[in-house]
Amino acid sequence: MKKYLIIAVISVLSLACKNKTAEMAAKGDVFEKEKVNTSKKPLFRTSITATEIDFIKASDKDAFKSIEFVGNETKEMPGALNGEELMDHGTYVFKAHFSDDASVEIWLHSSFGSKEKAKAYANKLTSRLGKLPSFMRKTLNHVVVHTGDHTAFAEDAGGFFVLYSDNMDTRIGNNDLEETVFHETCHVTFDLKYAKSKAWKAIQAADKSFITEYAKSKPNQEDIAETALFVYTMKTYPNRLSNEIEQWVKTNIPNRYEFLEKFF
Ligand SMILES: [Zn+2]
């Protein structure tokens, strides 16, 4: 784990929610050590999915029960890469059921071309959705899945997030799809209510640092989603993170920890 932590801190991979400027900075620049700052530096250089830590493991408990094909429908599918219309005719709609009686629809763009190809990607999502805490899963209306390669993003007001098939495969290869699903669902669960709230701003001001550079760069959008994965993991799987990381969180962002741990 120590080795991984060191690799994680110094290595720069991809970002959870891609931001061109942040990505370019991450790829090009060595961390600016000289920069004088009164607050403590973030624990991680980029975003949580750029770490080598497997916060949520493929073997973790999973509430997924079954999936059914609902039909081909006309759906609003934001984020299409190839100039497709917002309204997609022939979206493959599946419904995943979970043991907490929650269900989440998975909408796969008509560009998948066949029900079988669409279902293969719906199947890649179900166990990851099943690993979400129940209260978070219940805030999700649906998930949009496009073909192609782009980084995931969430639409908190609409209660959904958007994934891309090639990027899903990359993240599965890196053991990161669980974390991506958790991160994007955090946007849906927490952002509207808390991300720009006075309470969260007071918490940020009281703490000395941010968990990642990514959270620091977008404090009103990414801070909760980035921090929540650490707090969730510490509460649900104590000692899965290294002692150094757990201590860092409790020492440097204690107010965030106290706020978020109540949920987990
Ligand atoms: Zn995000």
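**Figure 1. Arg240, which counts as buried at a relative accessibility of 17%, in its salt bridge with Asp60.** The view is taken from a predicted model. Asp60, the acidic partner in this salt bridge, likewise counts as buried, because its relative accessibility is 8% and the limit for a buried residue is under 20%. In the pair formed by Arg240 and Asp60, the closest N and O atoms are 2.8 Å apart. Arg240 belongs to the loop between α9 (223-236) and α10 (243-252), whereas Asp60 belongs to the loop between α2 (20-28) and β1 (64-76), so that the salt bridge ties together parts of the chain that lie 180 residues apart in sequence. This pair is one of nine salt bridges that a search of the whole structure finds.

**Figure 2. The salt bridge between the side chains of Asp62 and Lys131.** The N-to-O distance in this pair is 3.7 Å. Distant parts of the chain are linked here, since Asp62 is placed in the loop between α2 and β1 and Lys131 in the loop between α3 and α4 (134-137), with their positions 69 residues apart in sequence. The two partners fall into separate burial classes: Asp62 counts as partly exposed, with a relative accessibility of 35%, while Lys131, at 7%, counts as buried.

**Figure 3. Arg256 and Asp223, whose side chains meet in a salt bridge.** The distance from N to O in this pair is 2.9 Å. Because Arg256 is part of helix α11 (residues 254-261) and Asp223 is part of helix α9, the salt bridge ties together parts that are 33 residues apart in sequence. Both Arg256 and Asp223 are buried. The view also takes in Asp207, which is linked with Asp223 and Arg256 in a network of salt bridges.

**Figure 4. The packing of helix α9 against helix α11.** The axes of these two helices are 9 Å apart, and the helices pack at an angle of about 70°; α9 and α11 are therefore roughly perpendicular to each other. On the α9 side, the residues that meet α11 are Asp223, Ile224, Thr227, Ala228, Val231, Met234 and Lys235, and on the α11 side they are Arg256, Tyr257, Leu260 and Glu261. By class, the residues of this contact comprise six nonpolar, one polar and four charged. Asp223 and Arg256, the salt-bridge partners of the preceding view, are both among the residues through which α9 and α11 meet.

**Figure 5. Helix α3 (residues 115-130) packed against helix α6 (residues 177-195).** The angle between the two helices is about 65°, and their axes are 9 Å apart, which means that α3 is roughly perpendicular to α6. The crossing in which α3 passes α6 is right-handed. From α3 the contact draws on Lys124, Leu125, Arg128 and Leu129, and from α6 on Leu177, Glu178 and Val181. This set divides into four nonpolar and three charged residues, with no polar residue in the contact.

**Figure 6. The crossing of α3 with helix α5 (residues 165-173).** Here the axes come within 11 Å and cross at roughly 45°, an angle that makes α3 oblique to α5. The crossing of α3 and α5 is left-handed, whereas α3 passes α6 in a right-handed one. Tyr121, Lys124, Leu125 and Arg128 of α3 make the contact together with Ser165, Met168, Asp169 and Ile172 of α5. The contact comprises four nonpolar residues, one polar residue and three charged residues. Lys124, Leu125 and Arg128 of α3, listed here for the contact with α5, are also listed for the contact with α6.

**Figure 7. Ala199 in helix α7 (residues 198-206), shown together with Phe259.** Ala199 is partly exposed, with a relative accessible area of 43%. Although Ala199 and Phe259 are separated by 60 residues in sequence, the distance between them in space is 9.6 Å from C-alpha to C-alpha.

**Figure 8. The protein chain as a whole, for placing the close-up views.** The chain holds eleven helices and six strands. Of its 264 residues, 51% are buried. Among the contacts between residues at least 6 apart in sequence, 66% join residues at least 24 apart.

How values were computed: Residues are numbered from 1 along each chain as its sequence is written. This is a predicted model: local features need pLDDT of at least 70, side-chain atom pairs count only at pLDDT 80 or more; totals for chains, interfaces and linings use all residues. Side-chain values use heavy atoms; hydrogens and water are left out. Axes are lines fitted to C-alpha atoms, for helices over the stretch in contact, and angles run from 0 to 180 degrees between N-to-C directions. Helices (H or I, at least four residues) and strands (E, at least two) are DSSP runs, numbered from the N terminus. Angles under 35 degrees count as roughly parallel, over 145 as roughly antiparallel, 65 to 115 as roughly perpendicular and the rest as oblique. A crossing is left-handed if the near helix is turned anticlockwise from the far one by less than a right angle, and right-handed if clockwise. Contact means heavy atoms within 4.5 Å. Ala, Val, Leu, Ile, Met, Phe, Trp, Tyr, Cys and Pro count as nonpolar, Asp, Glu, Lys and Arg as charged, and the others, Gly among them, as polar. A salt bridge is a side-chain nitrogen of Lys or Arg within 4 Å of a carboxyl oxygen of Asp or Glu. Buried means under 20% relative accessible area, exposed over 50%, partly exposed in between (1.4 Å probe, protein chains only).
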